[in-house]
Amino acid sequence: MQVRIIDHPLIQHKLTLIRDIRTGPKEFRELLEEIAMLMAYEITRNLPLEDTVIETPVAQCRCKVLCGKKLGVVPILRAGLGMVGGVVRLIPAAKVGHIGVYRDPETLKPVEYYCKLPTDVEDREIVVIDPMLATGGSAAAAIEMIKQRGARSIKLMCLVAAPEGVLHVNEQHPDVEIYTASVDERLNDHGYIVPGLGDAGDRIFGTK
């Protein structure tokens, strides 16, 4: 399994709170945004820098600024929407796309129903976000759709992952780095991550 587990103490503490069944939709949304922002800090750790010269109120100063590829954030609908705010708060210049995928009840294969990406997707480092990486089918399909539209650099960021989902994405897209706060035990018979945190979309929006 090729996956990077972000084990920052603040992320792990907030993950415990977000897993708790007693955490309501308001607190769940707030925690999810906070965790997404902290994870975005880690996922952008290796962005390239270049030198620049500025004037401070005291003297001239040689400093660092970002260079190279700009970022694009693509949430997988609908649960991925809960993480966008945290990422964009940290990286306000990032462009945001959206991608919608559902599982056909007969074939069980992912089906695209919506895809809107930045027009310069090929020049951006794309971060696909979704709180849950369960079977990996939707994530792998979304990544393939984004690649078909020209993206060359993609990362996947999720809050909680199942080993089955990590392996599936690794097999389908070995070039895509996976970042998560936890790789849990397994999937149950209904495709839920164990211990997981339930249905992220329902907990974000207060639906059942």
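**Exercise 1. Is G198 buried, partly exposed or exposed?**

Solution. The structure is a predicted model, and the classification rests on relative accessible area.
- Step 1. Residues under 20% count as buried and those over 50% as exposed, with partly exposed in between.
- Step 2. The relative accessible area of G198 is 34%.
- Step 3. G198 is therefore partly exposed.
- Step 4. As to its setting, G198 belongs to the loop between strand 13 and helix 6 (200-205). Apart from neighbours within four places in sequence, G198 makes contact with M132 and Y192.

**Exercise 2. Determine whether I193 is buried or exposed, and list its contacts.**

Solution.
- Step 1. I193 is located in strand 13, which spans residues 193-194.
- Step 2. The relative accessibility of I193 is 7%. The cut-off for a buried residue is under 20%, and I193 therefore counts as buried.
- Step 3. With neighbours within four places in sequence set aside, the contacts of I193 include M132, L133 and A134. V160, A161 and A162 also touch I193, as do D184, R186 and L187.
- Step 4. M132 appears among the contacts of I193 and also among those of G198.

**Exercise 3. State which residues UniProt lists under "binding site", and locate them relative to the largest pocket.**

Solution.
- Step 1. The unreviewed UniProt entry gives I193, G198, D199 and A200 under this heading.
- Step 2. I193, G198, D199 and A200 from this set are part of the lining of the largest pocket.
- Step 3. Within this set, I193 is buried, whereas G198 is partly exposed.

**Exercise 4. Explain why strand 8 is described as largely enclosed, and identify its pairing partners.**

Solution.
- Step 1. Strand 8 covers residues 124-129, and 6 of its 6 residues are buried; it is therefore largely enclosed by the rest of the structure.
- Step 2. The side chains point two ways: R124, I126 and V128 to one side, and E125, V127 and I129 to the other, with all of them buried.
- Step 3. Strand 4 (residues 70-77) runs parallel to strand 8 and is joined to it by 6 bridges. In this pairing, G72 has I126 as its bridge partner.
- Step 4. Strand 10 (residues 153-161) also pairs with strand 8 in the parallel sense, over 5 bridges. Here I129 stands opposite M157.

**Exercise 5. Explain why strand 3 is described as lying in the open, and describe its pairing with strand 2.**

Solution.
- Step 1. Strand 3 comprises 7 residues (60-66), of which the number buried is 0, so the strand lies largely in the open.
- Step 2. Strand 2 (residues 49-55) pairs with strand 3 in the antiparallel sense, through 7 bridges.
- Step 3. One of the bridge pairs is formed by T52 and C63, the latter in strand 3.
- Step 4. The connection from strand 2 to strand 3 is a hairpin of 4 residues.

**Exercise 6. Assess how compact the protein is as a whole.**

Solution.
- Step 1. The secondary structure consists of 6 helices and 13 strands.
- Step 2. The radius of gyration is 18 Å, close to the 17 Å expected from the globule rule for 208 residues, so the protein is as compact as a globular protein of that length.
- Step 3. Along the principal axes, the C-alpha atoms fill a box of roughly 65 × 40 × 30 Å.
- Step 4. Of the 208 residues, 46% count as buried.
- Step 5. Among contacts with a separation of 6 or more, 64% join residues 24 or more positions apart.
- Step 6. The accessible surface comes to about 11200 Å², and carbon and sulfur atoms account for 53% of this surface.

How values were computed:
Residues are numbered from 1 along each chain as its sequence is written. This is a predicted model: local features need pLDDT of at least 70, side-chain atom pairs count only at pLDDT 80 or more; totals for chains, interfaces and linings use all residues. Side-chain values use heavy atoms; hydrogens and water are left out. UniProt positions are given in the numbering used here, feature names are shortened, and annotations may be inferred rather than shown by experiment. On a 1 Å grid over the protein atoms alone, a cavity is a set of points where a 1.4 Å probe fits but cannot get out, and a pocket is an open set with protein on both sides within 12 Å along at least five of seven lines; lining residues have an atom within 4 Å of a point. Helices (H or I, at least four residues) and strands (E, at least two) are DSSP runs, numbered from the N terminus. Buried means under 20% relative accessible area, exposed over 50%, partly exposed in between (1.4 Å probe, protein chains only). Contact means heavy atoms within 4.5 Å. The radius of gyration is taken over C-alpha atoms; the globule rule is 2.2 Å times the number of residues to the power 0.38. Accessible areas come from the Shrake-Rupley method with a 1.4 Å probe; for residues, only the protein chains shown count as cover. Two strands pair if DSSP finds at least two bridges between them.
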